[in-house]
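The following paragraphs lead through a protein model, from individual strands to the chain as a whole. Please keep the sequence and the structure in view while reading.

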Amino acid sequence: MNGLIVNLNAPFQWVIYIVLLLGLFQPSLQLSIKQPTDTPEPAQASPRYVTAHFMVGIVENYTVADWIVDMKLAKEIGIDAFALNCASIDWYTPKQLANAYEAASQADFKVFISFDFVYWNNGDTAKITSYMQNYSSHPAQLQYNGAALVSTFVGDYFDWGPVKRNTQHPVFALPHLQDPAQLRSISTSLDGAFSWYAWPTDGGNSVIRGPMTTVWDDKYIQNLGGRPYMAPVSPWFSTHFNSKNWVFICEDLITVRWEQMLRMKPQLIEIISWNDYGESHYIGPYSPHHSDDGSSQWAKGFPHDAWRIISAPYIAAYKSGASAPEVKSDQLVYWYRPTPKEARCSRDPLGLPRGVELLSDSIFVTTLLTKAATLTVTSGGKPPVSVEVGPGIVTKNFTMGVGPQSFSVSRGGKAILEGKGGMDIKDQCEFYNHNVYVGSVSGANAG
């Protein structure tokens, strides 16, 4: 009996002895012990949110209906919320925040405040607390981990502790930090961080050659130590104000950056931006109801709507955890600058933007295909160039030629997508414009 010792004079131990014998000599016979029918489920991870930076400062005249138009377009491609970049100095900030929250309630959309610390400062704790107290439990407020999400532009050293203590609803602070190394030393009661480095740069507004890497993302993630990271995604950046006059080397950035997001899988993403026409990285429509800060010189007549066609399948893939976007129909998106980089503009008082010398004179084309096909691009007076492209989302570039642009995709010898560019490229100009014209071709003979 393998050394088994049982006191057979104890009645209860007889029962134990019999049970043990059954276990020893009849391995197939098991005791009927009731087990839990359900195993505990693992803790649910926070959902992945995609937000978009929205400049409240240029929508002084927006109505609730205007907000709803933007929100419905954003919602169509999977954007969950607008980050409402707002300034302390604009008299209409309270009015437009109220409009935004009301519109979001009607549109089944979400919003959260992004305090722009170019205008706010560390002495504004009471005002910021008042805004959070007012909106943190609003039905349209984006909640993260059971708390009201709030962010900033800069504002690195603002202490969120007093705001949290004096706001009845929990607050989740994801401020923009300019230097991720700060996360090792600052004590500002933040819960995570947001990066603004969505373009190739060595930091600040330095312009470097592409392509875009994840070097900055890696620094934020490492220093956050497991706390949530809101990663930036942007398609472009060029600006031509007195106070800022440069162009980042973006070019094919939109697909490069989204591919990085699918590999990185950050907890949140913020698209920069929905409507910042001044920096040329908008993906929303050019609204006639916004106030013009001078950016109409390079943004009016330069639609970027077609970038939303590219963004939609990537957003869906990111949210589902997929490693690649799913393409359900054949489409083509193109973008290009209005002039070659060597063009000299006759009336521009500011001169060439910083970084222009690093640009390539190229036409960029993204195909979204269900099956492999042949892409043909004719740029100006240059001969047509054809390349084979596979299924999925593929971005190619072609040497820029002055004149009209045309695009064609064929499969099995038959054109399935065909159309002309919405703007001719010219070698003469009055004012420098390094924004891009973005268009699409979604069917044979479509414009």
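Strand E6 (residues 171–174) is covered on both faces: Val171 and Ala173 on one side, and Phe172 and Leu174 on the other, are all buried. Here buried means under 20% relative accessible area, exposed over 50%, and partly exposed in between, with a 1.4 Å probe and protein chains only. Strands, like helices, are DSSP runs numbered from the N terminus, with at least two residues (E) for a strand and at least four (H or I) for a helix. Strand E5 (residues 147–153) runs parallel to E6 and is joined to E6 by 4 bridges; in one of these pairings, valine 150 has alanine 173 as its bridge partner. Two strands are said to pair if DSSP finds at least two bridges between them.

The model is predicted: local features need pLDDT of at least 70, and side-chain atom pairs count only at pLDDT 80 or more, while totals for chains, interfaces and linings use all residues. Residues are numbered from 1 along each chain as its sequence is written, and side-chain values use heavy atoms, with hydrogens and water left out.

Further along the chain, an open sheet of 4 strands with antiparallel pairing follows the order E16-E13-E12-E19. Strand E16 (392–399) and strand E19 (437–441) stand at its edges with a single partner strand each, so one side of each has no neighbour in the sheet. Within this sheet, strand E13 (residues 362–369) and E16 are antiparallel and share 8 bridges, and isoleucine 363 stands opposite phenylalanine 398 in E16. Helix H9 (residues 307–320) lies across strand E12 (331–336), E13, E16 and E19, and runs at about 125° to E12. Such angles run from 0 to 180 degrees between N-to-C directions, with axes fitted to C-alpha atoms, for helices over the stretch in contact. Contact means heavy atoms within 4.5 Å.

A second open sheet, also of 4 strands and antiparallel in its pairing, has the order E15-E14-E17-E18. Its edge strands are E15 (385–389) and E18 (414–420), each pairing on one side only. Strand E17 (residues 405–411) pairs with E18 over 6 bridges in the antiparallel sense, and valine 409 has leucine 417 in E18 as its bridge partner.

Charged side chains add further links. A salt bridge is a side-chain nitrogen of Lys or Arg within 4 Å of a carboxyl oxygen of Asp or Glu, and the count by this rule is 10. One of them joins arginine 411 and aspartate 330 (3.1 Å, N to O). This pair links distant parts of the chain, as arginine 411 belongs to strand E17 and aspartate 330 to the loop between H9 and E12, 81 residues apart. Arginine 411 is partly exposed at 23% relative accessible area, whereas aspartate 330 is buried at 18%. Another salt bridge joins arginine 347 and glutamate 430 (3.1 Å, N to O). Arginine 347 lies in the loop between E12 and E13 and glutamate 430 in the loop between E18 and E19, so this pair ties together parts 83 residues apart in sequence.

Taken as a whole, the protein has 9 helices and 19 strands. Of its 447 residues, 52% are buried. Among contacts with a separation of 6 or more, 72% involve residues 24 or more positions apart.
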